[in-house]
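Here's a quick tour of a few spots worth a look. Have the structure open while you read.

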Amino acid sequence: MKTAAPLLRMTRLLFACSLLCLLAAGQPIRVGTIFTRYTPTGEIFPQDRVSAPVETLSPPLVRGVWNSFRIIVDVEPGTVFRLFLAQNPEDAMQTRVFREVVSKGPQGWEVERRVFTPLPFRSSSLPDAERAPDRTTYTFWLDVRPPHDYPSERLKLEAQVLIQGQWFLHPMEIRVVDLSLPVPPPGQADLPLGTLGERTADLPFQDVVRGFICAAPGAQGATIRVEEGSAGTLEAHAARAFDFVLDALARGDGQDGVRGVFANFLGYQDPQTWCRKPVYPAATYGSEWPAVLENRLLRLRGNPY
């Protein structure tokens, strides 16, 4: 028993070192938010207005809902790679991955469609149309769902690529917060077929935030509706999960606590004035502002060790 604390300290030290090496080495795999999208040659979509994308290293996760991220793989043109996910403890969480097909239309860059992709994934299996000679960047939508009974503690999730016999890793220390939904939100098992096109991913989150702040005192905001089939999007499903999380936080911590986080983050003093002309902090965070807001809200439930 006397060796447990030194071993734990050593584990944390090794994990911290791996993160520093990851940041310093410019590795070909990273994980970011769902709000920053990339062209096939690695540029950020102009409409996303993100200058310094958030890199996901220690994200908070909520039990019972899909928590969404984006995996980005950057390689030299023509390079073949394989994509994997690893967990510790093994199989602690449900995961699902969608390959993103990106194209440039009349209105600009867009995610044209997403394809459910079992792992491990081999890039050589892509259709020729998705393997342009100058392509360097591949993106994947990643959903992660801890089970309802998972303890509020940390665990490891690692995105991995294998390139010419060499492994490259993006380790994440997941923080499962002390919050879970009593029942899975409706439609959480659906596989939406549509995308937002050239529109930014924060738009459905604007609806959620406005609905919560501008609801009558003591009332819960109306849950946003997600279209089915080809009209539904993963962005809308992620926003609806966020909507359920807000209601769960309000029930557990009180609406005043949640509204206080909103007021500090959005910079308003009178919610009624803000509701007449909602302003979101895109000038500071680009389309990634919902990811920053969610992280601050989940701090209401502490930081598990």
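## A serine in a strand

One cut-off first: a residue is called buried when its relative accessible area is under 20%. Keep in mind that this is a predicted model.

Now find Ser-103, which sits in strand β5 (residues 94-105). Is Ser-103 buried or exposed? Its relative accessibility is 19%, so Ser-103 counts as buried.

As for company, leave aside residues up to four places away in sequence, and Ser-103 touches Gly-108, Trp-109, Glu-110 and Glu-112. With Glu-112 there's also a polar contact, side chain to side chain, at 3.0 Å.

## Helix α4

Next up is α4, which covers residues 255-266. Does the length add up? At 1.5 Å a residue, its 12 residues should span 16 Å, and the end C-alpha atoms are 16 Å apart, so the two agree.

The buried residues here are Gln-255, Val-258, Arg-259, Val-261, Phe-262, Ala-263, Phe-265 and Leu-266. They pack against a set of other helices: α2 (203-213), α3 (234-253), α5 (271-276), α6 (282-285) and α7 (289-298). Just past the end of α4 you'll hit Gly-267, which takes a positive phi of about 75°.

## Helix α7

One of those partners, α7, has its own buried set: Trp-289, Pro-290, Val-292, Leu-293, Leu-297 and Leu-298.

What covers these residues? The cover includes two strands, β2 (60-63) and β10 (166-180), along with helices α2, α3, α4 and α6.

Notes. Residues are numbered from 1 along each chain as its sequence is written. This is a predicted model: local features need pLDDT of at least 70, side-chain atom pairs count only at pLDDT 80 or more; totals for chains, interfaces and linings use all residues. Side-chain values use heavy atoms; hydrogens and water are left out. Helices (H or I, at least four residues) and strands (E, at least two) are DSSP runs, numbered from the N terminus. The expected span of a helix is 1.5 Å times one less than its number of residues. Buried means under 20% relative accessible area, exposed over 50%, partly exposed in between (1.4 Å probe, protein chains only). Contact means heavy atoms within 4.5 Å. A polar contact is a pair of N or O atoms within 3.5 Å; within protein, one must be able to donate a hydrogen and the other to accept it, and residues adjacent in sequence count only if both atoms are side-chain atoms.
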